Amino acid sequence: MEAEEPLIRDTRRAEKIRAFGIHSIMAVPLRARGITMGMASFSRYRQLEPFDEEDLALAGEFASLAAVCIDNARRYTREHTTVLALQHSLLPHDLPRHPAAETAYRYLPAVAHAGAGGDWFDVLPLSGARIALVVGDVTGHGLHAAAVMGRLRTAVHTLADLDLTPAEVLTQLDDLVIRLVEEDPDCQGATCLYTVYDPISRICVFARAGHPPPALVSPDGTAEYLDIPAGPPLGTGGLPFEVAELRLAKGTLLALYTNGLIKSSGRHADIGLDVLTRALADPGRPLEELCDATVRSLLPERHSEDATLLLARTRALGAQQVASWDLPTDPSLVAHARALAADQLADWHLESLAFTTELVVSELVTNAIRYARAPIALRLIHTDTLICEVSDGSLSAPHLRRARTTDEGGPGPVPDRPTHLPLGNPLPPPR
């Protein structure tokens, strides 16, 4: 169009057009996939010739390419936002406080890729004041990887409740991933590291499926990577997972991480591992500060892979916090077991919990004597809660059954389960 045509109604714009000497204007719509996203305008003021049909065709090609790029960026932004929202909803928001270890984490989604990946982590409380530390990585990126991650994390929660060993947990996850691969060829497998720490014995059990080994920093600052059998990635099938046991000193720092932390920016894994050990060389530093320092040392501002770091500083429960007794399989000694528990609570100044605890001990010990086999043991653990446990020599896995309203003799042959009694808030007597 000619620049002086009445179509230009904006007075200030018209003044600028006259000031620059613009004599010809061309407007081309930005359209892609049937959607008009804007308008591109072209102006001519140095050349005397006005725009012609050839100029309009060339501008139309430029506008089409630009519109496709804009639409791709819009779709990428929408998908990236959706994946991040899904990933955030599937990951833990706060780690639980636990007497076995102090924990902290950092999860940083990819910022230079089409979407977040399938990294996940967990801190799960187990029976006997133990704790499970889990880090995993699903192959791939985007919504699909996040969905698979959510299914694996849910499975880990269920398997942890069954009190399986780390090797058994990975075996069950391996079977699950094999089924997922059969259902969906886009599922490419995953890696996982599963660790269980017992603050009473200070024994930590490790098992990993194709995942990088954990870093261990002793209280004196000595750092090393644990030599744990690697095991195949999840979804391979056919090969067993081995475990490694290690007794840890109080205050030992464990670092669990994913490949994205040590291989960012094309860095070789060995170099990343060296940087990680140097960053963790101050084990007495607060964990939140240690997480920040580690991330700054290893990750650039724009990293192409998800990165996860989970730190745990171990604690230990002393002999004054644990009391255990071996019990003979004699029903007449159930009253003696109640007396032992009551005396121990008096030593811990927890007399307010004595009535409820005696009822729990009586029920669990009676069930163990009637329906299980020797050896039978009673254990009380005093942390921020009171844990009452009865164990037996039965080879069957625990199976919890809820009592019906018509049951009169208690829950019957319910295998023994630890019972947690919050300190200062006694539970009401069971019906």
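**Notes on salt bridges, a buried leucine and some odd backbone spots**

1. Let me start with E289: at 40% relative accessibility, this residue counts as partly exposed. Its salt-bridge partner is R285, and the closest N and O atoms of the two are 3.5 Å apart. R285 is partly exposed too, with a relative accessibility of 28%. Keep in mind while reading that this is a predicted model.

2. How many salt bridges turn up in the whole structure? A search finds nine. The one I would look at next joins the side chains of D292 and R106, with 2.9 Å from N to O. D292 sits in helix α7 (residues 287-298) and R106 in strand β3 (residues 101-108), so this pair ties together parts that are 186 residues apart in sequence. As for the surroundings of D292, its relative accessible area is 33%, which means it is partly exposed, since the buried class ends under 20% and the exposed one begins over 50%.

3. The D292 pair has company. R106, E288 and D292 are linked in a network of salt bridges. In general terms, side chains of opposite charge can pair when their charged atoms come close.

4. Another salt bridge worth a click is the one where the side chains of R130 and D163 meet, at 2.6 Å from N to O. Here both partners are in loops: R130 in the one between β4 (117-125) and β5 (131-141), D163 in the one between α3 (142-161) and α4 (166-183). The pair links distant parts of the chain, with the two positions 33 residues apart in sequence. D163 has a relative accessibility of 35% and so counts as partly exposed.

5. Now for L309, in strand β12 (residues 307-314). Is L309 buried or exposed? Its relative accessibility is 0%, so it counts as buried. Leaving aside residues up to four places away in sequence, L309 touches A104, Y105, R106, A255, L256, Y257, L261, C291 and T294. So R106 appears both in that contact list and in the salt bridge with D292. For L261, the C-alpha to C-alpha distance from L309 is 7.5 Å, although the two are 48 residues apart in sequence.

6. On cysteines: a search of the whole structure finds zero disulfides. For reference, a disulfide is a covalent bond between the sulfur atoms of two cysteines. C192 has a relative accessible area of 0%, so it is buried. C388 is likewise buried, at 0%.

7. A few backbone details deserve a second look. Most residues other than glycine have a negative phi, and most peptide bonds are trans. Which peptide bond is cis here? The one from A374 to P375, with omega near 0°. P375 is found in the loop between α9 (354-371) and β14 (376-382).

8. Two residues other than glycine have a positive phi to check. R202 has phi near 60°, and its place is in the loop between β6 (190-198) and β7 (203-209). With 28% relative accessibility, R202 counts as partly exposed. H349 also has a positive phi, of about 60°, although it is not a glycine. H349 is in the loop between α8 (334-347) and α9. Its relative accessible area is 65%, so H349 is exposed.

Notes. Residues numbered from 1 in each chain as written. Predicted model: local features only at pLDDT ≥ 70, side-chain atom pairs only at ≥ 80, totals over all residues. Heavy atoms only, no water. Disulfide = S-S within 2.5 Å. Buried < 20%, exposed > 50% of the residue type's maximum accessible area, 1.4 Å probe, protein only. Helix = DSSP H or I, 4+ residues; strand = E, 2+ residues; numbered from the N terminus. Contact = heavy atoms within 4.5 Å. Salt bridge = Lys/Arg side-chain N within 4 Å of Asp/Glu carboxyl O.
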